[in-house]
Amino acid sequence: MRIVPKLQPCFRLSTVLAAVLLACPGGLSAAPSRTPTAHPAAAAAAAAPFAYAEAEVADLQARMLAGELTSRTLTGAYLERIATLDRTGPRLRAVIELNPDALKEAGERDQERRSGRLRGPLHGIPVLLKDNINAAPMSTTAGSLALAGFRPPDAFLVRRLREAGAVILGKGNLSEWANYRGEDSPSGWSARGGQTRNPYRPGYSPCGSSSGSAVAVSANLAAVSIGTETDGSIVCPAAVNGVVGLKPTVGLVSRDGIVPISFSQDTPGPITRTVADAAAVLTAIAGRDDADPATATLPGRAVYDYTARLNPDGLRGARIGVLDSPLTQRPGIGPLMQHAVDELRRAGATVVRVPALDETQWAEAEQTVLRFEFKAGLERYLRRWKAPLRTLPQLIAFNREHAAQELPLFGQELLEASAQAGTLGDAGYIQARSQARRLAGEQGIDALLRAHQLDALVAPTTGTAWPITRSGGDAFPGGSYSAAAVAGYPSLSVPMGHVDGLPVGLLFMGTAWTEPRLIELGYAYEQRTMARRPPPL
């Protein structure tokens with residue numbers, strides 16, 4: 001969740017991997033006493049071009065089909081690159097834990113391929129998961145030391161990924177508790193994983209809360225990744241790290257087995273380097289799940305091939321509403337946005353200027369919803385998966401008892417406020433939930449789409465990344481995604497360009513269940529502009 005609170009087992013691949021402390025129990029610390037020294041092999045690897053840099057899923061799949069590449073080789077290459085860049089070199093801190101079975105899983109996918117069994121487009125593709133998603137045999141901690149060693153079975157979407165042939169590479173670092181813990185929190189920091197750093201400028205923020213998921217994909221530490229969003233946590237880190245982030249309609253992808261904030265707004269989704277890869281991942285993870293009632297609202301077919309909507313001419317005849325955004329007043333973003341508008345027009349779209357959506361209308365109601373739903377959802381999750389603590393007050397007490405590790409930078413005001421919330425039968429909560437969804441959805445996004453007969457709305461996703469500080473939280477520039485988040489509608493952030501070397505994203509938003517159209521529009525824009533540039537690592 002990218003929220004502004006006041007409203008706002010060890011294994012060896014090679015000598016290189018012996019240095020990867022995060023794969024070993026007890027090998028992580030939020031603030032190591034000294035900078036790790038890179039192994040000579042790691043230094044040599046850093047100097048050589050990465051063989052699979054910027055490779056798309058379809059390209060990797062074609063190379064494996066041709067016998068030029070194996071999943072085990074590919075997985076091993078990502079593991080070595082993590083060793084080189086994540087805890088040594090620029091020390092990105094994007095990966096919080098590696099899957100000790102990753103090479104074994106990759107070998108099994110290779111054996112299946114040799115025997116003629118192909119599970120789908122993700123067969124043998126390494127995937128990184130945000131560390132609030134259950135995936136055995138790894139821990140699921142949401143970045144908190146309170147859940148260290150907690151190893152629940154796979155989340156529903158992880159089972160879907162494995163059924164599709166994906167290799168689970170590891171877990172991504174995140175803003176602790178998905179940035180729902182305290183005010184003045186720095187995005188991308190967790191007590192367990194430390195501070196994730198932006199690969200374009202390591203002293204700058206990666207945004208959050210799916211920080212590690214976005215940084216890892218941008219830095220080519222993984223082929224693709226999964227993040228989660230409550231309000232901006234997929235699309236904001238995607239934008240400031242120069243990658244694609246797709247936040248689905250709530251109910252398109254199951255949340256079962258994911259540490260929750262809000263069942264009204266939470267959803268997992270893909271973070272990738274291209275729209276095509278996001279479509280491939282979404283195809284694998286979307287679908288109905290009896291354990292998540294929200295997926296029962298999924299219309300039409302339970303399985304849909306989103307890659308069928310990768311139409312480079314998809315903008316022709318479209319009507320796009322460009323939201324009036326204060327972000328365009330920030331240095332460099334106005335000209336980028338104007339260039340994006342020009343490209344939309346040149347691609348055959350009709351562009352209509354529309355007024356900005358007023359987030360202040362639903363902001364207070366959203367905070368009420370999150371406060372009530374976090375307590376109810378978290379305690380339900382902790383009980384169901386038999387976590388080492390079972391209640392929100394127990395978590396608050398743990399943080400106080402381990403304040404030196406958990407509370408050195410910011411507090412836990414949001415947890416404490418949520419602990420005081422009533423039940424989900426509270427009239428104030430029920431009213432706030434209805435109000436927030438109505439104002440952001442029916443009277444917000446939907447009203448603009450209807451009034452101007454639009455296919456989608458676009459705006460800058462957020463501003464550029466900001467410097468990381470150890471106090472005072474984020475110098476957050478604002479974002480355009482809150483309406484889609486609160487309404488439970490889809491949004492897609494695609495690289496738009498750079499300002500002073502830092503990436504900026506263009507956000508596409510639509511009404512519920514319009515992922516196919518957003519993918520079509522975003523892909524056509526991406527293919528015209530090709531604005532992503534990999535970080536200078």
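Hi everyone, this is a short walk through some strands, one lysine and a few aromatic rings in a predicted model.

A quick note on conventions: residues are numbered from 1 along each chain as its sequence is written, and side-chain values use heavy atoms, with hydrogens and water left out. As the model is predicted, local features need pLDDT of at least 70 and side-chain atom pairs count only at pLDDT 80 or more, while totals for chains, interfaces and linings use all residues.

Let's start with the strands. Helices (H or I, at least four residues) and strands (E, at least two) are DSSP runs, numbered from the N terminus. Have a look at β3, residues 167-172: six of its six residues are buried, where buried means under 20% relative accessible area with a 1.4 Å probe, protein chains only. Strands pair if DSSP finds at least two bridges between them. β1, residues 95-98, pairs with β3 in the antiparallel sense over three bridges, and there E97 has K171 as its bridge partner. β2 and β3 run parallel, joined by five bridges, with P126 partnered by V167 in β3. From β2 the chain passes through helix α5, residues 156-163, to reach β3, and this β-α-β crossover is right-handed (clockwise from the first strand over the helix to the second, with the strands pointing away from the viewer).

Now to K130, which sits in strand β2, residues 126-130. What is the nearest side chain of opposite charge to K130? That is E229, 8.3 Å away, and K130 is buried yet has no salt bridge. For the cut-offs, a salt bridge needs a side-chain nitrogen of Lys or Arg within 4 Å of a carboxyl oxygen of Asp or Glu; Lys and Arg count as positive, Asp and Glu as negative, and His and the chain ends are not counted. The side chain of K130 does have a polar contact of 3.0 Å with that of S210 (N or O atoms within 3.5 Å, one able to donate a hydrogen and the other to accept it; residues adjacent in sequence count only if both atoms are side-chain atoms).

Last, the rings. There are 10 aromatic pairs in the structure, meaning Phe, Tyr or Trp (six-membered ring) centres within 6.5 Å, with planes under 30 degrees apart stacked, over 60 edge-to-face and the rest tilted. F150 and Y381 have ring centres 6.3 Å apart and planes at 85°, so this pair is edge-to-face. Because F150 lies in the loop between β2 and α5 and Y381 in helix α11, residues 360-384, the pair ties together parts 231 residues apart in sequence. Both F150 and Y381 are buried.

How values were computed: Buried < 20%, exposed > 50% of the residue type's maximum accessible area, 1.4 Å probe, protein only.
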